[in-house]
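Biologist: I should be grateful for a close look at a single residue and its surroundings, followed outwards as far as the computed geometry permits. Please set out the reasoning step by step.

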Number of protein chains: 2
Amino acid sequence: MSTVEFKNPVYVRSWAVCAGKKEGEGPLGDRFDVVCPDGRCGEKSWEKAEMKMVTTAWKTALQKAGMSPGDVGCALGGDLLNQCVSTSFGFRDSHIPFLGLYGACSTMAEGLLLGSSLVAGGIQDHVLCTASSHFCSAERQYRYPLAYGGQRPPTAQWTATACGAVVLSSGKSGIRVTRAKIGSIYDPGVTDASNMGAAMAQSAYETLSAYFRETGDAPADYDLIVTGDLASVGKQLVVDLFDADGVDMRPVYDDCGLMLFHSGQDVHAGASGCGCSAAVLGGYLLPALDKKLFRRVLFCGTGALLSPLTTSQGESIPGICHLVCLEAEA
Amino acid sequence: MSTVEFKNPVYVRSWAVCAGKKEGEGPLGDRFDVVCPDGRCGEKSWEKAEMKMVTTAWKTALQKAGMSPGDVGCALGGDLLNQCVSTSFGFRDSHIPFLGLYGACSTMAEGLLLGSSLVAGGIQDHVLCTASSHFCSAERQYRYPLAYGGQRPPTAQWTATACGAVVLSSGKSGIRVTRAKIGSIYDPGVTDASNMGAAMAQSAYETLSAYFRETGDAPADYDLIVTGDLASVGKQLVVDLFDADGVDMRPVYDDCGLMLFHSGQDVHAGASGCGCSAAVLGGYLLPALDKKLFRRVLFCGTGALLSPLTTSQGESIPGICHLVCLEAEA
């Protein structure tokens with residue numbers, strides 16, 4: 001079976017979220033450690049603002065853990081910008097050994113599962129994971145200049161302006177990472193880059209259903225199963241795909257893309273971006289596990305592995321979904 | 001100490017290189033498994049050609065290992081294209097659990113060290129690592145349309161058209177991965193994106209000198225130490241930096257950027273791109289270790305973590321260097 005059970009314990013030692021103004025006005029706004037007053041965060045460009053958010057998030061997470069950069073064996077992180085520059089520049093002056101990831105919106109789950117593997121495997125004692133995105137830097141890279149005011153279809157998602165950071169550790173804490181499953185790529189043939197939830201839904205279904213098959217668990221064994229970020233279109237597809245198997249996901253299933261903003265915040269199908277699931281993880285899931293409001297949570301990061309160039313060359317959109325199981329310590 | 005010693009053994013089970021025409025005409029040309037007759041590899045675009053090279057490389061490596069995709073626990077890979085699409089599309093139909101990396105030209109070393117960590121940590125038994133680049137897809141993304149015929153300064157490097165794939169395994173073979181060191185980011189302030197060797201040289205020096213300090217080893221303990229890819233400018237800087245410490249690197253030190261092409265192949269300072277060090281690894285280092293021509297080799301992947309956007313916003317170029325120690329089994 002390809003689900004990994006971490007025999008040596010891995011714990012979540014601390015976490016932090018640095019978010020944008022609109023995210024700060026959402027339902028999780030008061031749970032974020034830092035909320036920037038605007039999209040610039042005092043910087044000259046949106047990209048520099050995103051880099052600053054990355055630095056703010058990892059520094060805050062380390063501070064909450066009572067750790068300094070020298071205490072961390074390595075950092076694993078990524079983002080949506082070409083060449084993942086918000087992350088590498090966000091760690092440029094840290095001197096923390098750094099491993100860059102690219103998993104699109106699945107990055108936080110990819111970091112958690114790789115970081116947990118390093119800790120459980122005895123390779124590192126403490127690992128830092130980050131994932132970030134920024135609405136303005138992503139829009140102009142992937143779609144149109146913001147000033148152009150392009151109309152967005154109802155299936156489009158709103159890239160979150162946020163960076164989440166998590167410190168994983170071999171030392172005991174209130175939350176344990178118990179299992180992980182690395183996803184494979186699935187491409188159901190969707191070619192509409194404004195409907196990425198539909199492109200990623202199959203990968204979420206494939207990873208989750210293989211996980212249930214391999215572990216013998218059922219959805220009811222979890223307090224909450226979240227994907228991130230499929231938003232309204234993709235979430236319904238996952239429910240439908242499981243329905244066809246006779247499995248009702250509704251009682252325990254939600255999607256990070258529907259948890260970051262209020263319904264009135266005009267984000268069309270919901271939120272997206274590496275920062276979305278990272279912010280929901282740090283602003284909602286981890287605090288609830290820490291307070292023992294949840295006992296077991298599946299955090300399933302979904303990513304659309306396209307680029308504007310593959311779309312312009314007529315390619316469809318491959319999706320991926322990595323799963324991490326988080327449990328409150330008894 | 002942050003150098004990782006792999007206590008549980010990790011072996012290189014097989015490898016393969018798929019390279020372009022110009023690389024096939026270089027000194028390692030007859031060692032490559034597949035050489036494409038032109039930059040298109042029968043595809044409609046350079047990007048699709050690069051995706052095909054990725055698929056060809058990993059399929060050939062698995063075939064040489066006598067393995068099928070279902071035998072591999074996961075694949076770790078990356079490339080230079082925005083959103084690392086040559087790798088994700090190269091694995092799109094594989095159904096192999098996939099983890100995307102971004103380490104610029106350090107990607108093969110990053111994959112080897114993470115893959116070795118997963119094997120040594122008991123998380124996976126068999127891991128596939130890939131890294132690719134393509135001269136034409138990289139030029140038009142990073143610099144100018146090829147048809148423009150822009151002049152290249154003497155410090156510029158030529159992006160290799162190549163993909164390397166390596167299968168790591170817990171089962172014994174002739175080559176063992178014994179140690180690794182994750183690099184930190186160093187930025188000496190170089191702002192000329194046509195002189196990336198200079199930008200990356202410090203990171204190579206920092207990783208190597210920390211490795212020697214932590215392990216007590218000296219350059220003479222190795223048959224060969226390679227960086228990749230600093231080319232002529234960066235290689236000389238590494239020699240000079242070690243000279244200042246009273247350490248003579250010359251007898252055992254070379255750079256992949258100077259090993260892929262003949263001096264008459266008009267590549268200015270030398271080769272670069274994720275595919276360069278991957279091709280030198282698979283076309284020279286691993287075969288020599290397998291034949292016991294080398295006993296111990298340090299493979300140091302160097303990456304420049306810039307993007308065209310960071311350069312246009314006036315940022316300097318951060319560099320990184322990850323180290324992997326490869327040893328012939330007695």
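Modeller: Two residues are taken to be in contact if their C-beta atoms, placed from the backbone, lie within 7 Å. The model is a predicted one. The residue I have chosen under that criterion is B:Glu50, whose contacts, apart from neighbours within four places in sequence, are B:Asp79, B:Ser86, B:Ser132, B:His134 and B:Ser137. B:Glu50 belongs to helix H2 of chain B, which spans residues 46-65. A residue counts as buried if 20 or more other C-beta atoms lie within 10 Å of its own. B:Glu50 has 33 such atoms within 10 Å and is therefore buried. By contrast with these contacts, B:Tyr253 stands 203 residues away in sequence from B:Glu50 and 30 Å away in space, C-alpha to C-alpha.

The surroundings of H2 can be followed in chain A. The buried residues of helix H5 there pack against H2, E5 and E6 of chain A. These buried residues are A:Phe135, A:Ser137, A:Ala138 and A:Gln141. H2 of chain A, residues 46-65, is also one of the elements that each supply at least two residues of the side of chain A that touches chain B; the others are E3, H3 (85-90), E4 (98-100), H4 and H9 (308-312).

That brings us to the interface between the chains. The contact takes 49 residues from chain A and 49 residues from chain B. On the side of chain A, H4(A) gives the most, with five residues. The residues of that side divide into 25 nonpolar, 18 polar and six charged. Moreover, 100% of the interface residues of chain A are also interface residues in chain B, so the copies meet through the same surface.

The symmetry comes next. A turn of 180 degrees, with a shift of 0.0 Å along the axis, lays chain A on chain B with an RMSD of 0.0 Å. The two copies are thus related as by a two-fold rotation axis. In chain A, the C-alpha nearest this axis belongs to A:Gly121, at 1.8 Å.

A:Ala120 shows contacts within its chain and across to the other. A:Ala120 is part of helix H4 of chain A, residues 107-120. With 24 other C-beta atoms within 10 Å, A:Ala120 is buried. Leaving aside neighbours within four places in sequence, A:Ala120 is in contact with A:Phe6, A:Lys7, A:Asn8 and A:Val10, and also with B:Gly121 and B:Ile123. A:Ala120 lies 9.1 Å from A:Ser169, C-alpha to C-alpha, although 49 residues separate the two in sequence.

H4 has a further role in the division of the chain. Chain A is divided into domain 1, residues 3-169, and domain 2, residues 175-328. The C-alpha centres of the two domains of chain A lie 17 Å apart. The contact between them takes 53 residues from domain 1 and 57 residues from domain 2. On the side of domain 1, H4 is among the elements that each supply at least two residues, including E3, E5 and H5 of chain A. The largest share of that side, twelve residues, comes from E1(A). The residues of that side divide into 32 nonpolar, 14 polar and seven charged.

Finally, the wider fold. Chain A has nine helices and 13 strands. The radius of gyration of chain A is 18 Å, close to the 20 Å that the globule rule gives for 330 residues, so chain A is as compact as a globular protein of that length. Buried residues make up 62% of the 330 residues in chain A. Of the contacts in chain A with a separation of 6 or more, 80% join residues 24 or more positions apart. The largest nonpolar core has 250 residues, and those with the most contacts inside it include A:Ala61 and B:Ala61. Leaving aside neighbours within four places in sequence, the contacts of A:Ala61 include A:Trp15, A:Leu128 and A:Val166.

Conventions
Residues numbered from 1 in each chain as written. Chains lettered and ligands numbered in written order. Predicted model: local features only at pLDDT ≥ 70, side-chain atom pairs only at ≥ 80, totals over all residues. Helix = DSSP H or I, 4+ residues; strand = E, 2+ residues; numbered from the N terminus. Rg over C-alpha atoms; globule rule 2.2 N^0.38 Å. Buried ≥ 20, exposed ≤ 12 C-beta atoms within 10 Å, placed from the backbone. Core = buried A, V, L, I, M, F, W, Y, C linked by C-beta atoms within 7 Å. Domains from an automatic or database assignment. Nonpolar A, V, L, I, M, F, W, Y, C, P; charged D, E, K, R; others polar. Least-squares fit on C-alpha atoms with pLDDT ≥ 70 in both.
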